[in-house]
Amino acid sequence: QVIKCKAAVLWEANKPFSIEEVEVAPPKEHEVRIKIMATGICRSDDHVITGALVMPFPIILGHEAAGVVESVGQGVTSFKPGDKVIPLFIPQCGECKSCLGTKGNLCSKNDLAVGAGLMPDGTTRFTCKGKAVHHFLGTSTFTEYTVVHESAAAKIDSAAPLEKVCLIGCGFSTGYGAALQTAKVEPGSTCAVFGLGGVGLSVIIGCKVAGASRIIAVDINSDKFAKAKELGATDCINPKDFQKPIHEVLIEMTGQGVDYSFEVIGRTDTMTAALACCQYNYGVSVIVGVPPAAQNITFDPMLLFTGRSWKGSVFGGWKSKDSVPKLVADYMNKKFVLDPLITHTLPFTKINEGFDLLRTGK
């Protein structure tokens, strides 16, 4: 059965979302149709609007959500209608090299690299005004109903509050895992976190859970400092308050630089600063923010020659299908908090206002 429902369609770049009636086709073989109950707004969605992340239009964005399975396609055995699930923008097919090995989590079936905006079979399940509408990262959560491949959903605890655990679909897991999985922050270490949005705050939560003794939060918006401290930051600094480059400030504060640094903005200048502020021999710097399209970094290779490691982290290094249910269980067992990451709760029709709040740093 085709479902007609509301979705926020983005017809072209740099325009607001348009709330439209769309047709959502039934799930094909090995696919699942999900009723979306809650979705978060992530800067990566905004990157598509501005063109920093290149995707085809028209498109239904959104990739951080939680919902309930409405129906399943042929051959699906791991889900049934009524199951609570989180869609996975990094799938876990269980067959490719990353899925089979222990070293990585970036399943080769992901649509992050290619940006085709289609289901794995090369077609779309959305139609609006007679036009095919593209999917986003195999999830598309800015709609009342979506269709995902079964490798791109994780079944979670039926008691989990969907309006909170939707954050585990992207922002929280991405930041928390960058600290715990990618950097492997150790007890007693010093950390610097550039960017205090939802993902940066989640990095702070991860550093604190890992036992870091000092967590220095860096942002040009000082309004973010109170929340950063509430979640575990020991120091907060604003680069605008100093005459010298921020990496020099951090080195002075710590003696030799931090053990671990995290760039959670997606700017090339802060990526280089984060690398430069970590200890010259064994410091580890992790790129968490989505890099802007068609921009390159020029840096002094001596920064790496002395022993630093520069790493990237997608979805916090978690193998998605395996880890998301465990992260939800950890939340239910109060191992970490999510409530402080939620600043506003809006009805779906006010999605454009939500993006305005994101862009104004609120």
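1. In this predicted model, a good place to start is Phe262, which, leaving aside residues up to four places away in sequence, touches Ala178, Ala179, Ala183, Val185, Cys191, Ala192, Val193, Phe194, Val203, Cys207, Val286 and Val288. Phe262 also appears, together with Ile168, Val185 and Ile204, among the residues with the most contacts inside the largest nonpolar core, a set of 82 residues.

2. As for where the members of this core come from, helix H5 (residues 198-209) gives the most to it, contributing six residues. Because domain 1 (3-171 + 317-360) and domain 2 (184-312) both give residues to this core, it lies between them. A second core, separate from that one and made of 13 residues, includes Phe194, Ile216, Ala274 and Cys277.

3. Helix H7 (residues 246-254) deserves a careful look, since three of its residues, Ile246, Val249 and Leu250, are buried. Around the helix axis they cover an arc of only 95°, and therefore they sit on the same side of H7. Which elements do the buried residues of H7 pack against? They pack against E10, strand E11 (214-218), strand E12 (235-237) and helix H8 (268-276). Just after H7 comes Gly255, whose phi is positive, at about 95°.

4. Two residues other than glycine also have a positive phi, and they can be read side by side. Lys184, which is not a glycine, has a phi of about 55°, and it is found in the loop between helix H4 (171-183) and strand E10 (190-194). Phe315, likewise a residue other than glycine, has a positive phi near 50°, and it lies in the loop between strand E15 (309-312) and helix H10 (320-332).

5. Is each of these two loop residues buried or exposed? Lys184 has a relative accessible area of 53%, and because exposed means over 50%, Lys184 is exposed. Phe315, by contrast, has a relative accessibility of 3%, and since buried means under 20%, Phe315 counts as buried.

6. A last point concerns the backbone at Phe57 and Pro58, which are joined by a cis peptide bond with an omega of about -10°. When looking for this bond in the structure, the reader will find Pro58 in the loop between helix H1 (43-50) and strand E4 (65-72).

Definitions and conventions. Residues numbered from 1 in each chain as written. Predicted model: local features only at pLDDT ≥ 70, side-chain atom pairs only at ≥ 80, totals over all residues. Heavy atoms only, no water. Helix = DSSP H or I, 4+ residues; strand = E, 2+ residues; numbered from the N terminus. Buried < 20%, exposed > 50% of the residue type's maximum accessible area, 1.4 Å probe, protein only. Core = buried A, V, L, I, M, F, W, Y, C linked by side-chain atoms within 4.5 Å. Domains from an automatic or database assignment. Contact = heavy atoms within 4.5 Å. Arc of directions from axis to C-beta.
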